[in-house]
Amino acid sequence: DPSSPGFRVRNSAMGDAIVIEERTITRRCLVEHFDLSAHMDMVDGEELEERMNPETIVYVHGEDAAIDAYLDGHKDSRRRIKSKIGKEVPLG
């Protein structure tokens, strides 16, 4: 959706200023696009994490209780972060 914050982030470059909900932020992270289903089950999510093997994973969508339960059940070397609306997520 060209009018969405995600579209602006995806089409920005490192260091660009991006306006999201009347707040200007500076992009300081790599952004990659993955053509995924809007929803996946736990098994699909675990398989994706194993295959991609990221150091940090930010969960940005889902029910709080479900994300919390998933985080509680997945303790390994990956850094897992549950995002919060209106809060900056430090990745460095």
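**Overview: the chain contains three helices and four strands.** Helices (H or I, at least four residues) and strands (E, at least two) are DSSP runs, numbered from the N terminus. The model shown is predicted. From the N terminus on, the elements follow one another in the order α-β-β-α-β-α-β. The C-alpha atoms fill a box of roughly 35 × 25 × 25 Å, taken along the principal axes. The accessible surface of the chain amounts to about 7,500 Å², and 53% of this surface belongs to carbon and sulfur atoms. Of the 92 residues in the chain, 18% are buried. Among contacts between residues at least 6 apart in sequence, 24% join residues at least 24 apart.

**Confidence: the mean pLDDT of the chain is 86.** A value of 70 or more is reached by 95% of the residues. Confidence is highest in strand β2, at 93, and lowest in helix α2 (residues 42-52), at a mean of 87.

**Close-up of the hairpin: strands β1 and β2 pair in the antiparallel sense.** Strand β1 covers residues 17-20 and strand β2 covers residues 23-26, with four bridges between them. A17 stands opposite T26 in β2. The two strands form a hairpin in which two residues separate them.

**Close-up of the turn: E21 and E22 each have a positive phi.** Both E21 and E22 are found in the loop between β1 and β2. Phi of E21 is near 50°, a positive value in a residue other than glycine. E22, which is not a glycine either, has a positive phi of about 65°. Are these residues buried or exposed? A residue counts as exposed when its relative accessible area is over 50%. E21, with a relative accessible area of 70%, is therefore exposed. The value for E22 is 82%, so E22 is exposed as well.

**Close-up of T24: this residue of strand β2 is exposed.** The relative accessible area of T24 is 53%, so it passes the cut-off of over 50%. Leaving aside its neighbours within four places in sequence, T24 is in contact with A17, I18 and V19. How many residues separate T24 from A69 in sequence, and how far apart are they in space? They are 45 residues apart in sequence and 33 Å apart in space, C-alpha to C-alpha.

**Close-up of helix α2: the buried residues line one face.** In α2, G45, L48 and E49 are buried. Seen down the helix axis, the buried residues of α2 fall within an arc of 100°, and therefore they line one face of the helix. They pack against β3, α3 and β4. On the other side of α2, V43, E50 and R51 are exposed. The helix is followed by N53, which has a positive phi near 50°.

**Close-up of helix α3: the buried residues lie on the same side.** Which residues of α3 are buried? They are I67, Y70 and L71. These residues lie on the same side of α3 because they cover an arc of only 100° around the axis. The buried residues of α3 pack against α2, β3 and β4 (79-82). The face turned away from the buried side carries the exposed residues A65, A69, D72 and G73.

**Close-up of the nonpolar core: the largest such core has five residues.** Its members are I57, Y59, I67, Y70 and L71. Strand β3 (56-59) and helix α3 (64-73) each supply at least two residues of this core. The largest share, three residues, comes from α3. In soluble globular proteins, nonpolar side chains tend to be buried together. Which residues does L71 contact, leaving aside its neighbours within four places in sequence? L71 is in contact with Y59, R80 and K82. Of these partners, Y59 is itself a member of the core.

Notes: Residues numbered from 1 in each chain as written. Predicted model: local features only at pLDDT ≥ 70, side-chain atom pairs only at ≥ 80, totals over all residues. Heavy atoms only, no water. Pairing = 2+ DSSP bridges. pLDDT = per-residue confidence, 0-100. Core = buried A, V, L, I, M, F, W, Y, C linked by side-chain atoms within 4.5 Å. Buried < 20%, exposed > 50% of the residue type's maximum accessible area, 1.4 Å probe, protein only. Contact = heavy atoms within 4.5 Å. Areas by Shrake-Rupley, 256 points an atom, 1.4 Å probe, with all protein chains shown as cover. Arc of directions from axis to C-beta.
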